[in-house]
Amino acid sequence: MADGISGASGTGRGYLAETGLRSWAFSLDHKRIGVMYLYTTMFFFLVGGLFAELLRLKLMTPGPGFVSDKTYNVFFTLHGALMIFLFIIPAIPSALGNFFIPMMVGAHDVAFPRLNLAGYWIFLAGIVVVIASLVRPMDTGWTFYTPYSAKSGAAVTLLSFGLFLVGMSSILTGLNFIITIHTQRAPGMTWSRMPLFIWGMYATSVIQVLATPVIGMTFILLAAERLFGVGFFDPAKGGDPLLFQHFFWFYSHPVVYVMILPAMGIISEIIPVFSRKPIFGYKAIAYSSMAIALAGFLVWGHHMFVSGMSSVAAVIFSLLTFSVAVPTGVKVFNWIATLYRGSISFESPMLYALMFIFLFIIGGLTGPFLGSLGTNVQLHDTYFVVAHFHYTMMGGTVMGWLAGLHYWFPKMTGRMLSEKLARRAAVLILIGFNVTFFTMFILGYKGMPRRWAEYPVQYQTMHIIATVGSWVLAAGIIVMVWNFTRSLYRGEAAPGNPWGALTLEWQTASPPPVENFEVIPTVTEWPYSFGRKGAGDA
Amino acid sequence: MHELGGAEAAHTAGGPETARLGIWLFLATEVLLFGGLFTAYTVFRMQDPALFHAGSLKLNRMLGAANTVVLICSSLTVALGLAAIREGKIRMLKVFLGLTLLLGAGFLGIKAIEYSEHFARREFPGTDLFFSLYFVMTALHAFHIAAGLAVFSGLLWLAAKGKFDAGYHTPVEVAGLYWHFVDVVWIYLFPLLYLIG
């Protein structure tokens, strides 16, 4: 393995050498900004998870249970809104993207470091406003559909403003990444030598930049509706509630690819490293990211099949929806082809990557059930939908995120994780996850509607199984968080390149020095040439 | 291979080319932000063309036209300021930035007069869909003007401190592109709102 690379800082603490609050809060270093995003989003992952546990607890009994129906509405709105807007959308792009894009393209920093820092503070300001709006807790669900959201007693106006700020931060981050990838690549790094994580992030950024302004406008209009009664979404005034749904999903559908594309990028990095094989079909994976981003803009209507949209539109949206499966399938086949006859080693990043592929295939294959017009009418707004998007969002994105955290932990902290604890956590998470969410496929198929606080007693057994599963899942998360915390202080010192990877971020010290590289590297090969003489594992 | 120029070099990665790319991409996001409103305009006008016809007749065309002239002039002064600093004429830059600020403030002043006329006639956002669109669109545009004025004030301050010269004036150029964009949005808003009656 190619370790023993000299640390540029000389202190062994690299970019972490400086301490104190100010050295973080005003740092222009993309790595520190990435770490701040990481802590912030991780915090909301845990808070959102706590609400999920409360939800499951409430649903163990078919009747009123330990909280009122009103409080239940607040729980699931907070679980959804926090997880979507404050965790899963920013988690990989803002945290890992910020940390690793400049390093992987071989740059000292992003193109606009000040804008980057401003983005973080706008994000934080947005969060403060969102929290302030919870004085009168949200009960609209995370989709804020009008007309209810225009009339709800909750502080929707304030929340709109908070999410507008969060969106603005997302736009600035995406913009920064696109320009960084265009202008800051190291000499010799052509587009076809870029790591696949960068390709994934590039596609992600395009969506962030082009879709987020539309949700920003939607929030402005929702606020105007509540403040002035402008009537855009109110049929009594000649407006159209469907317009809100169109605007909402024009953003929120593409944004599910903001959630998944970076995770797919991470998986594309990890699979070849731990199979010690060149990635199969590099160009197909790179272009399929762009294809998914593009197709993602054309399919938002599939969220509205039963909302009163014209049936011609529904058929077209159904057809277009299937087109997303093609580039997604291309990726999955390429990962599996890379694994084929590789010399696979099962370190924790690889475990999570394989869990990603397994769970994401289940999530992906249940997509067509919902994308087909006929089955959708049966399954719409049932637990089948909940199970489907948890398999893609949590089984996909969160597993990809965890794979990335385990993969890059040594680089970010200069410490190794405990493999033993990581494996135990992975097993608990895998079991807990499937018990919780596979049960929901069955619940949904049997007709249990989502979002209901109370339900017919025949569904109770299934709900109890799902709740018990959620405890196992939570136990896994706790073990994982314990592993991160313990290793941060007591982990073994990490070498520069513990996995023998070939991408540029590993070709410097762990943790990296302030400017990433003493000398900007010149790139002569693509980063997946495993097995060739002199390449990484020689 | 590139030599490392110290910590400073690390955090000032972008040159003028990078900044130009950045602002164009930002303007693309602005197109989409306003795009939502233009979509709403299209939908609602198709549903009820008579309402839009009638509403348009209630707007003050003279003031709207005056504002169009004011805004186009301000775009000219921005362009002249950029031309001046490209030749290193810092004094001329300050003059033109000052003129731009005046014209921009004038635009907001005229807009305020129009708004007060509407309020006096009890025309509010929410009166009907035309006025809702009119107020939301022009208010969002006015907000962009106000943001531009803040930017130009900052530039004037930097110019006074002698930060710009013939070799370095990227912020002026970038702010100019933003201003031209805001100008172009108005060029669409004016006929769509004022001249369809």
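**Exercise 1. The interface between chain B and chain A**

Work out what area is buried between chain B and chain A, and which parts of chain B supply the contact.

*Solution.* In this predicted model, the area buried between chain B and chain A is about 3,100 Å², and carbon and sulfur atoms give 76% of that area. The next step is to count the residues that take part: 43 come from chain A and 32 from chain B. Turning to the polar side of the interface, one finds zero salt bridges between the two chains, and one residue pair in polar contact, with both residues at pLDDT 80 or more. On chain B, the helices α1 (6–10), α2 (16–47) and α6 (129–160) each supply at least two residues of the side that touches chain A, and α2(B) gives the most, with 16 residues. Sorted by class, this side of chain B has 20 nonpolar residues, twelve polar residues and no charged residues.

**Exercise 2. Two aromatic pairs**

Determine how the rings of A:Phe438 and A:Phe441 are arranged, and then do the same for the rings of B:Phe107 and B:Trp186.

*Solution.* A search of the whole structure finds 66 aromatic pairs over all chains. For A:Phe438 and A:Phe441, the ring centres are 5.6 Å apart and the planes stand at 70°, so this pair is edge-to-face, given that planes over 60 degrees apart fall in that class. Both residues belong to helix α15 (residues 419–445) of chain A, where being three residues apart separates them by about one helical turn. A:Phe438 is partly exposed at 40% relative accessibility, whereas A:Phe441 is buried at 6%.

The rings of B:Phe107 and B:Trp186 have centres 5.2 Å apart and planes at 90°, so this pair is edge-to-face as well. B:Phe107 lies in helix α5 (residues 90–120) of chain B and B:Trp186 in helix α7 (residues 170–194), so the pair ties together parts that are 79 residues apart in sequence. B:Phe107 is buried at 0% relative accessibility, and B:Trp186 is buried, with a value of 0%.

**Exercise 3. The surroundings of A:Ser275**

Decide whether A:Ser275 is buried or exposed, and find what its side chain reaches.

*Solution.* A:Ser275 is found in helix α8 (residues 241–275) of chain A. Its relative accessible area is 0%, so it counts as buried, the cut-off being under 20%. The side chain of A:Ser275 reaches the backbone oxygen of A:Ile271 at 2.7 Å. If neighbours within four places in sequence are left aside, the contacts of A:Ser275 include A:Thr338, A:Leu339 and A:Met350.

**Exercise 4. Backbone exceptions in chain A**

Locate the cis peptide bond that joins A:Thr146 and A:Pro147 and the one that joins A:Ser510 and A:Pro511, and then examine the positive phi values of A:Arg341 and A:Arg451.

*Solution.* As background, most peptide bonds are trans, and most residues other than glycine have a negative phi. The bond between A:Thr146 and A:Pro147 is cis, with omega about 0°, and A:Pro147 lies in the loop between α4 (113–132) and α5 (148–151) of chain A. The bond between A:Ser510 and A:Pro511 is cis, with omega about -10°, and A:Pro511 has its place in the segment after α16 (460–490) of chain A.

A:Arg341 has a positive phi of about 60°; it is found in the loop between α10 (311–339) and α11 (348–365), and it is exposed, with a relative accessible area of 72%. A:Arg451 has a positive phi of about 75°; its place is in the loop between α15 and α16, and it is partly exposed at 33%.

Terms used:
Residues are numbered from 1 along each chain as its sequence is written. Chains are lettered from A and ligands numbered from 1 in the order in which they are written. Side-chain values use heavy atoms; hydrogens and water are left out. Contact means heavy atoms within 4.5 Å. Buried area is the accessible area (1.4 Å probe) that two parts lose on being put together, summed over both. A salt bridge is a side-chain nitrogen of Lys or Arg within 4 Å of a carboxyl oxygen of Asp or Glu. A polar contact is a pair of N or O atoms within 3.5 Å; within protein, one must be able to donate a hydrogen and the other to accept it, and residues adjacent in sequence count only if both atoms are side-chain atoms. Helices (H or I, at least four residues) and strands (E, at least two) are DSSP runs, numbered from the N terminus. Ala, Val, Leu, Ile, Met, Phe, Trp, Tyr, Cys and Pro count as nonpolar, Asp, Glu, Lys and Arg as charged, and the others, Gly among them, as polar. Buried means under 20% relative accessible area, exposed over 50%, partly exposed in between (1.4 Å probe, protein chains only). Rings of Phe, Tyr and Trp (its six-membered ring) pair if their centres lie within 6.5 Å; planes under 30 degrees apart count as stacked, over 60 as edge-to-face and the rest as tilted.
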